[in-house]
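User: I would like to learn how to read the features of a model like this one. Could you walk me through it step by step?

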Amino acid sequence: MQKRFILLCVLPVVLPGCAGLYEQQSPAPVYGGPAPVYRQRPVQVPLPPPVQIPEPTVKTTPIPEFNQQVVPIAPAPAPMPGETGDSLALLPDAEASVAAPTPVVPGATLPVSAPETFTPPPFQPIEPSASSSPAVGALVTAANQNSQAGNLDSAIATIERARSIEPNNAGLYYKLALLRIKQGKPKLAEELAKKAALLAQGDRHLKKHSWLLIAHAREMQKDFDGAQAARDKAAGF
């Protein structure tokens with residue numbers, strides 16, 4: 001009785017172990033029946049290592065350096081006149097007279113010659129002879145004082161009073177033309193100087209300086225051709 005109890009207690013422990021041992025063993029072949037099917041574990045095939053393609057190597061060959069030598073070139077002898085057969089060959093004297101061209105430096109400004117400007121000779125007025133009339137002489141003296149003081153209007157008015165006394169006095173027209181020049185009225189001064197040259201008659205000195213005054217008035221008006229013509233006419237007296 002006691003042995004049976006022990007057997008029953010041991011069987012639950014022994015049977016699972018036997019079952020596991022049975023599963024590990026291959027089944028016995030059965031002759032005449034279907035072929036047994038065995039479980040095969042998957043075989044892991046190792047992958048081949050990656051193939052490394054070597055980088056192409058470029059082989060460079062250094063270029064040999066050349067020894068650069070400067071060979072001096074002897075200057076060619078100057079050809080003698082008539083040696084080249086050119087009829088236009090320059091003689092030594094002619095070559096010396098030809099000026100060498102001026103080298104042009106980049107970025108440098110070439111000198112530009114200034115245009116020639118006409119410079120008229122300085123104008124020098126004269127003091128005409130005084131009148132024989134005491135009244136006209138006094139008025140001329142007063143006009144000169146006003147002109148020196150810068151009061152040109154009073155000087156002109158005084159000469160106009162003297163001219164009303166002697167309307168054919170060429171000297172008064174000349175002095176009045178000078179006052180108009182000082183006022184900056186060259187056109188009016190030119191007309192008064194022409195009247196003075198016309199009334200001067202035999203007074204060549206006054207006639208000459210009247211035309212010089214006309215030339216000066218024309219130069220103030222930028223009439224240089226007319227000024228030269230008046231100066232040429234004054235040279236005839």
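## Reading the helices and their contacts

Analyst: Gladly, and let us begin with a pair inside one helix. K194 and E190 are both part of helix α6 (residues 186-199), where they sit four residues apart, about one turn of the helix. Keep in mind throughout that this is a predicted model.

User: Why does a spacing of four places matter in a helix?

Analyst: The general idea is that an α-helix has 3.6 residues a turn, so residues three or four places apart point the same way. Here K194 and E190 form a salt bridge, with 3.5 Å between the closest N and O atoms. K194 is partly exposed at 32% relative accessibility, whereas E190 is buried at 6%. The pair also belongs to a wider group: E190, K194 and R218 are linked in a network of salt bridges.

User: How many salt bridges does the structure hold, and what lets such side chains pair?

Analyst: Side chains of opposite charge can pair when their charged atoms come close. The structure holds five salt bridges. Another one joins the side chains of E160 and R163, at 2.8 Å from N to O. These two residues are three apart in helix α4 (residues 152-165), which puts about one helical turn between them. Both E160, at 28% relative accessibility, and R163, at 21%, count as partly exposed.

User: Which residue forms a salt bridge with R231?

Analyst: That partner is E219, and the closest N and O atoms of the pair are 2.2 Å apart. R231 lies in helix α8 (residues 224-234) and E219 in helix α7 (residues 204-220), so this salt bridge ties together parts that are 12 residues apart in sequence. As for exposure, R231 counts as buried at 17% relative accessibility, and E219 is buried too, at 10%.

User: Let me step back. What does the secondary structure of the protein come to?

Analyst: It comes to eight helices and zero strands, so to speak an α-α-α-α-α-α-α-α order from the N terminus on. Of the 237 residues, 22% count as buried. For the surface, the protein exposes about 19700 Å², and carbon and sulfur atoms supply 61% of that area. Looking at contacts between residues at least 6 apart in sequence, 54% join residues at least 24 apart.

User: Which residues touch the most other members of the largest nonpolar core?

Analyst: They are I159, Y174, L179, L206, W211 and L213, in a core of 34 residues. Helices α3 (134-148), α4, α5 (170-182), α6, α7 and α8 each supply at least two residues of this core. The helix that gives the most is α5, with nine residues.

User: How do I read the surroundings of one core residue, say W211? What is it in contact with?

Analyst: Set aside the neighbours within four places in sequence, and W211 is in contact with A197, A230, K233, A234 and F237. The same reading works for T158, a residue of helix α4. T158 counts as buried at 10% relative accessibility, and its contacts, not counting residues up to four places away in sequence, are L139, A142, A143 and N146.

User: Back to α7, then. How many residues does it have, and what does it reach from its first C-alpha to its last?

Analyst: Helix α7 has 17 residues and reaches 25 Å, close to the 24 Å expected at 1.5 Å a residue. Its buried residues include L206, H209, W211, L213, I214 and A217, and also charged ones such as K207, R218 and E219. The buried residues of α7 pack against α5, α6 and α8.

User: One more feature, please. Which sign does phi have in most residues other than glycine?

Analyst: Most residues other than glycine have a negative phi. Two residues here are worth a look in that light. Q201 is not a glycine, yet has a positive phi of about 55 degrees. Q201 sits in the loop between α6 and α7 and counts as exposed at 59% relative accessibility. K222, also not a glycine, has a positive phi of about 65 degrees. The place of K222 is in the loop between α7 and α8, and at 64% relative accessibility K222 counts as exposed.

Key. Residues numbered from 1 in each chain as written. Predicted model: local features only at pLDDT ≥ 70, side-chain atom pairs only at ≥ 80, totals over all residues. Heavy atoms only, no water. Buried < 20%, exposed > 50% of the residue type's maximum accessible area, 1.4 Å probe, protein only. Contact = heavy atoms within 4.5 Å. Areas by Shrake-Rupley, 256 points an atom, 1.4 Å probe, with all protein chains shown as cover. Salt bridge = Lys/Arg side-chain N within 4 Å of Asp/Glu carboxyl O. Core = buried A, V, L, I, M, F, W, Y, C linked by side-chain atoms within 4.5 Å. Expected span 1.5 Å × (residues − 1).
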